[in-house]
Amino acid sequence: MRKPLFLLFAFAASTSLIAQSPSQPDWTQLEAETMKHFQAIIRLDSTDPPGNEKPVVDYLKQVLEAEGIAVEIFALEPNRPNLVARIKGNGAKRPLLIVGHTDTVNVDPKKWSHPPFSADREGGWVYGRGTVDDKDNVVANLMTLLMIKRLRVPLDRDVIAMFEAGEEGASRLGVQFMANQHFDKIDAEFCYAEGGGGTRTGGVMKFARIQTVEKIPRAITVTSKGVAGHGSVPLESNALAHLGEAVGAIAAWTPPLRLNETTAAYFKRLASVSTPEEAARYRDVLNPDPKISGPADAYIRKNEPSHWSMLRTSLSPTIITGGYRNNVIPSEGTATIDTRLAPDEDPAKFLELVKQVVNDPAVEVTYGARDTRPPTPAAKLDSDAFKALESNVTKHYKVITLPTMSTGATDMAYLRQKGIQCYGIGPAADSEDGPKGFGAHSDQERILESELFRFVRFNWDAVIDLARAK
Ligand SMILES: [Zn+2]
């Protein structure tokens with residue numbers, strides 16, 4: 001290839017010359033290579049459960065080692081390995097970790113117009129499970145490593161890639177195992193992982209989201225107790241009636257509005273690219289005066305539920321159990337409330353508020369067991385990593401960057417807990433595609449080839465801007 005020759009020359013001439021004008025890979029040539037690797041890993045079924053990420057890891061290992069990039073494998077279960085590859089920098093700065101997960105959610109093959117592991121290309125799309133979650137990030141990180149190595153980019157910080165297992169429900173084998181048992185292998189100042197992405201509407205880029213913080217999943221258990229009796233004799237203490245009222249009150253309640261740096265910036269910036277009507281609402285909801293924020297908040301509750309959840313700790317009743325036969329009033333009923341705490345919420349104080357909402361001595365409100373995530377501080381919006389990402393959103397997508405708080409949980413929580421500042425990124429997708437049944441975790445999954453390639457270029461630049469020797 002031509003580039004390495006040029007680079008070798010430049011190297012000899014001056015390393016600072018490279019630092020100021022890093023050579024760009026030959027993207028046209030690399031698109032074919034990107035597609036080859038992407039299709040190869042889409043064709044390896046790593047649906048979780050059962051996972052079986054090993055064939056994907058074997059593939060990545062073989063590609064990386066063929067280029068002289070050393071890899072290390074860490075596995076709690078033999079078929080579910082994690083792969084770590086590190087390209088060394090000069091140590092002037094702490095490492096950058098880039099993360100992709102190699103497992104996918106399951107499939108129902110009947111629902112697919114193109115078989116889920118075909119990686120078929122049609123009409124500018126690639127079809128297959130994992131195309132947007134998360135084999136897109138996997139291939140972008142793979143290509144970035146290959147190019148750093150081939151172009152011999154001098155680095156101020158190590159670039160570490162982690163290809164992790166078990167993100168879709170078995171994180172004890174993946175990120176938890178790595179963060180708890182092998183943290184020295186992935187310790188970094190910053191990380192990029194899945195969790196953000198661009199939004200296109202009508203084929204036009206609208207904005208890009210970069211995830212900097214997430215809500216903390218908890219469960220509230222509501223238990224009501226009453227006197228058991230014959231169904232033919234109504235009792236005021238009926239446990240199910242009390243439970244029903246409690247659940248209804250919780251669902252109807254509007255928990256206090258709670259903004260943080262990320263969500264405040266999100267709505268402020270979103271307003272700048274919204275219709276005047278929407279923009280007024282996003283500005284109103286940030287207003288400290290409840291008389292102004294209240295009506296906007298009420299509208300958002302009805303019409304934009306995910307935005308409403310971003311504005312507070314949220315409560316969704318998800319399970320109700322009680323009773324066992326037609327003619328018996330049971331003495332107990334329980335409900336589970338999926339609770340997503342705002343990152344700075346005090347869990348104990350919040351529980352007290354819920355108790356006041358229920359306001360029934362026959363009903364007990366407690367935190368129940370569930371898989372949770374550690375509460376972590378948000379990644380900073382003024383860090384070098386965020387700046388690198390934002391400037392490359394401008395460069396590659398020419399839209400505004402929205403710092404975002406996920407209402408759901410991601411593996412980044414385990415890394416942020418260890419002090420790594422993590423940012424969620426991803427390719428652009430059409431907002432029309434989700435409702436049609438294509439998207440992460442949907443019946444079908446696909447990605448625009450052009451957006452896959454653009455994301456690979458974006459990812460490269462965002463890594464290089466942060467890591468190359470300056
Ligand atoms: Zn994912």
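**Contacts, zinc site and disulfide**

Q: Which residues does I148 touch, not counting those up to four places away in sequence?
A: This is a predicted model, in which local features need pLDDT of at least 70, side-chain atom pairs count only at pLDDT 80 or more, and totals for chains, interfaces and linings use all residues. Residues are numbered from 1 along each chain as its sequence is written, and side-chain values use heavy atoms, without hydrogens and water. With touching taken as heavy atoms within 4.5 Å, the partners of I148 are I87, V153, L155, V159, W460, V463 and I464.

Q: Which residues supply the protein donors of the zinc ion?
A: Donors here are N, O and S atoms within 2.8 Å of the metal (3.2 Å for Na, K and Ca), with water not among the atoms, so sites may look incomplete. Those of the zinc ion lie 1.8 to 2.6 Å from it, and E194 is listed twice, each time through OE. The other entries are NE2 of H101 and OD of D133, so the residues are H101, D133 and E194.

Q: How far apart in sequence are H101 and E194?
A: The donor residues of the zinc ion follow the spacing H-x31-D-x60-E. H101 belongs to strand 3 (residues 96-101) and E194 to strand 7 (residues 190-194), strands being DSSP E runs of at least two residues, numbered from the N terminus. The pair therefore ties together parts separated by 93 residues.

Q: Is H101 buried or exposed?
A: Buried means under 20% relative accessible area, exposed over 50%, partly exposed in between (1.4 Å probe, protein chains only). The relative accessibility of H101 is 1%, so H101 counts as buried.

Q: Is the disulfide of C191 and C422 right-handed or left-handed?
A: The sulfur atoms of C191 and C422 are 2.1 Å apart, and a disulfide requires them within 2.5 Å. The torsion about their S-S bond is about 120°, so the disulfide is right-handed.

Key
Helices (H or I, at least four residues) and strands (E, at least two) are DSSP runs, numbered from the N terminus.
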